[in-house]
Amino acid sequence: MMSELTRLTISKISKGLKEKKFSSFELVSEYLNEIDKQKELNSFITILEKSALESAKVSDKKIGNGQSGPLEGIPIGVKDLFCTEGIRTTAASNILNNFIPTYESSVTSKLKDAGAIFIGKTNLDEFAMGSSNQTSFFGSAVNSWKLNNSDKPLVPGGSSGGSAVAVSANLCTASIGTDTGGSIRQPAAFCGIVGMKPTYGRCSRWGIVAFASSLDQAGPMTRSVEDSAFLLSIISGYDPKDSTSANIEVPDFKSLASSTAKGLRVGIPKEYFSDELDSEVLNLWEKGKEWLKDSGIEIVEISLPHTKYALPAYYIIAPAEASSNLSRYDGARFGLRVDGKSLDEMYSNTRSEGFGKEVKRRIFLGTYALSAGYYDAYYLKAQKVRQLIYNDFLDSFKKVDLILTPTTPGTAFPLGDKISDPISMYLNDIFTVPASLAGLPAISVPCGLHSNGLPLGLQLIGRRWDEGTVFNCANILENSSSFNKNLEL
């Protein structure tokens, strides 16, 4: 029975804890055993064994006294980009290797208040810059899935690769990631789990180590759509400490996910039929359309004409914002400090040793795009393209309620592949970036297996603040595909 605990969803665990079928201490202990058994996955940068077990004892008392919160006693993995008070927060970078925040991020505060137990800080691409989790200072996380007839290690996707692996390999009940251009959805697809990027402004960014401030958004990574909806309701909400946080009501997403979808219209963007698209991904997309049709949903072809400019625009805007955000890491205030003969040399030494190759590449790109003489030609033009992409979505949502696309052009690839070819790596985000630029909610749902034995995901994109409808149709895809039917007892 004990080994089976790690496969349960949030709702099943909550029920089991309340009915005293097992304790939170037993649950946490079992997850810690799994983490130890699967060390080779490198999904955690910091494992919080002692504090997690102590918190479990406290949760068991609260449950026994009838004072439990909605996530009481449930082990959650936290991407090591969220500042956690008194717990090392590295952003998977050498420059923050020994940084211990004196404050708690708003999202993790909400999780704590709900009774969640942090079992560890999960691995990621350095400063969330990457699509494979291979740029981490602490080494890549490794996908728990394997190619047919091969033991070659595979990437879990990025940047929230460690968070995806932790859920996929049953090392925690759920995890929290961040999505800038696809960093929740793409690893969710590669690892066969559900990954949700909410509307920009739905979850507070306060206390999250910044990459690109106009794009970064926290979101849940779970085993099921129901868990995703439940978790999003908990971490969402207005935060006066974050100027981009929206002061709007947070619905009960879990109840909306199970409402009727009959009569909805779902758009299929013709521009997403890319040359990079694997034929089996295309076949799954067709299946997805049929599943939605069978539920009384109308399928409509739409056009998003500026889609082809999304990736170039993103890789100007995101590095530009990163170059500004990362200027604070200078060795003078916190983090790594490498001394030099002068102040300028100290800055140079610190940043040279502290940042990895991909982070340096993006700082250079961003600084160039913002420099005098090039600002108008690159950054300003990219922002104009971003508005056109958003306008495309606005026009489409006059005709449809949701948009269905693949999440990724293919499956997870072997570690070491594409790392020396940044353009090839960036193309992994071709289907996820447009929704990020437009600030729209989007979810990746695992819906099938490729003939190579690896999971494939489908993506649903919704109107701003309409995560409920996204969850609703995601539920249909999940139930129709039956991908997770053997994952929960």
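In what follows, a residue is called buried under 20% relative accessible area, exposed over 50%, and partly exposed in between, with a 1.4 Å probe and protein chains only. By that rule, lysine 21, at 58% relative accessibility, counts as exposed.

Good morning. The structure above is a predicted model, in which local features need pLDDT of at least 70 and side-chain atom pairs count only at pLDDT 80 or more, while totals for chains, interfaces and linings use all residues. Residues are numbered from 1 along each chain as its sequence is written, and side-chain values use heavy atoms, with hydrogens and water left out.

I begin with the salt bridges. The term here denotes a side-chain nitrogen of Lys or Arg within 4 Å of a carboxyl oxygen of Asp or Glu. Side chains of opposite charge can pair when their charged atoms come close. By this rule the count comes to 19 salt bridges.

Lysine 21 takes part in one of them, with glutamate 19, at 3.3 Å from N to O. Glutamate 19 is partly exposed, at a relative accessible area of 42%. Lys15 belongs to this picture as well, since Lys15, Glu19 and Lys21 are linked in a network of salt bridges.

A second pair consists of aspartate 36 and lysine 39, whose side chains meet at 3.2 Å, N to O. Aspartate 36 counts as partly exposed at 46% relative accessibility, and lysine 39 as exposed at 60%.

Which residue forms a salt bridge with arginine 205? The partner is aspartate 242, and the closest N and O atoms are 3.9 Å apart. This pair links distant parts of the chain, 37 residues apart: arginine 205 sits in the loop between strand S5 (194–197) and strand S6 (217–222), and aspartate 242 in the loop between helix H7 (225–235) and helix H8 (253–257). Helices (H or I, at least four residues) and strands (E, at least two) are DSSP runs, numbered from the N terminus. Is arginine 205 buried or exposed? Arginine 205 has a relative accessible area of 16% and is therefore buried. Aspartate 242 is buried too, with a value of 6%.

I turn next to threonine 6, which lies in the segment before helix H1 (10–18). Its relative accessible area is 2%, so threonine 6 is buried. Leaving aside neighbours within four places in sequence, threonine 6 is in contact (heavy atoms within 4.5 Å) with Glu30, Tyr31, Glu34, Asn170 and Arg223.

One of these contacts, asparagine 170, has a backbone feature of its own. Asparagine 170 has a positive phi of about 60° although it is not a glycine. Its place is the loop between H5 and strand S4 (174–179).

Two further backbone features deserve mention. A cis peptide bond, with omega about 5°, joins glycine 158 and serine 159. Serine 159 is in the loop between strand S3 (117–122) and helix H5 (161–168). Serine 482, a residue other than glycine, has a positive phi near 55°. Serine 482 is found in the segment after helix H16 (467–481) and, at 30% relative accessibility, counts as partly exposed.

Lysine 112 belongs to helix H4 (residues 106–113). At 40% relative accessibility, lysine 112 counts as partly exposed. Not counting residues up to four places away in sequence, lysine 112 touches Glu104 and Phe118. Lysine 112 and leucine 71 are 41 residues apart in sequence, and their C-alpha atoms are 8.5 Å apart in space.

Helix H11 (residues 343–354) has twelve residues and reaches 16 Å from its first C-alpha to its last. That is close to the expected 16 Å, where the expected span is 1.5 Å times one less than the number of residues. Which residues of H11 are buried? They are Met346, Thr350 and Gly354. Seen down the axis of H11, these buried residues fall within an arc of 40°, so they line one face of the helix; the arc is that of the directions from the helix axis to the C-beta atoms.

Finally, the surface. Tyr368, Tyr374 and Tyr378 make a nonpolar surface patch of about 290 Å². Patches are made of residues with over 30% relative accessible area and no salt bridge, like charges being joined within 9 Å and nonpolar side chains (Val, Leu, Ile, Met, Phe, Trp, Tyr) within 5 Å. Accessible areas come from the Shrake-Rupley method with a 1.4 Å probe, and for residues only the protein chains shown count as cover. Tyrosine 378 is found in helix H13 (residues 375–396) and is partly exposed, with a relative accessible area of 35%.

Thank you for your attention.
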